[in-house]
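I set out to look up the salt bridges of this structure and to record which parts of the chain they join. My entries follow.

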Amino acid sequence: MTAPDLQTGLPAPSATAKELTRLARSGPPHVREAAARHPNTPAEVLGSLAADFPEAVIANPALPLLRLAQMQHIQRWTGRSLARLAAVDAAPEWIQELAMRHSDPQAQWAVAGRAALSETRLRQLAARGEWQLRAAVAQHPDLPAEVLASLAADPDYGVRLSLAAHPTLPPEVLRLLQQDPHPLVRRRTQMVNAKVRPL
């Protein structure tokens with residue numbers, strides 16, 4: 001068994017998977033975070049550490065290799081862990097995809113709340129069955145024109161209400177929302193227009 005570095009108390013570079021597992025379970029926070037960054041930490045242990053140290057897990061140099069060699073372990077990570085990972089700016093697309101496919105809604109919400117999303121991911125979110133996810137993505141600044149048009153015609157008024165607060169709607173989408181059958185949607189477009197109207 002490899003002992004921690006005597007000067008820092010952190011896992012040694014040659015720490016074994018067994019030692020890292022022990023430290024991840026019982027070490028103080030700074031040691032557990034170091035285990036989350038260590039390339040010898042097993043995939044299933046990284047999954048448990050991800051909920052508390054998502055940035056460290058994303059920065060782990062072995063993560064891309066674990067994706068290839070031990071995907072079956074990564075697919076068993078909890079929704080909370082995937083939610084924390086998906087919210088990290090540096091999270092790769094494949095982590096976002098795992099979060100989108102997870103049965104836990106908080107993992108999907110974490111993806112919808114990201115500031116930077118690919119066009120593919122935006123389209124995927126805009127087509128979700130849960131209206132709350134469509135409403136969340138309706139606020140994103142980089143929505144393609146056809147997605148904006150689709151959301152403006154969404155059957156749930158909560159989605160259209162969220163879209164009506166979007167600060168940079170194309171004129172044709174804005175006109176559609178200004179004629180929306182729901183009074184709250186129409187009122188929201190008036191409020192947004194009043195805020196952006198030049199003095």
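Entry 1. I began within helix α10 of this predicted model, where R123 and E119 both lie, four residues apart, about one turn of the helix. I found that R123 forms a salt bridge with E119, with the closest N and O atoms 2.6 Å apart. I then looked up exposure: R123 is partly exposed at 32% relative accessibility, and E119 is partly exposed at 46%.

Entry 2. I next asked which residues are joined into one network by salt bridges that share partners. I noted E93, E97, R101 and R121 as its members.

Entry 3. I turned to E93, which forms a salt bridge with R121; the closest N and O atoms are 2.9 Å apart. E93 lies in helix α8 (residues 93–101) and R121 in helix α10 (residues 119–126), so this pair ties together parts that are 28 residues apart in sequence.

Entry 4. Is R121 buried or exposed? I recorded a relative accessibility of 3% for R121, which counts as buried. Its partner E93 is partly exposed, with a relative accessible area of 38%.

Entry 5. I then examined E97, which also forms a salt bridge with R121, the closest N and O atoms being 2.7 Å apart. This pair links distant parts of the chain, with E97 in helix α8 and R121 in helix α10, 24 residues apart. E97 counts as partly exposed at 21% relative accessibility.

Entry 6. Finally, I looked up the total and found that the structure holds 11 salt bridges.

Methods: Residues numbered from 1 in each chain as written. Predicted model: local features only at pLDDT ≥ 70, side-chain atom pairs only at ≥ 80, totals over all residues. Heavy atoms only, no water. Salt bridge = Lys/Arg side-chain N within 4 Å of Asp/Glu carboxyl O. Helix = DSSP H or I, 4+ residues; strand = E, 2+ residues; numbered from the N terminus. Buried < 20%, exposed > 50% of the residue type's maximum accessible area, 1.4 Å probe, protein only.
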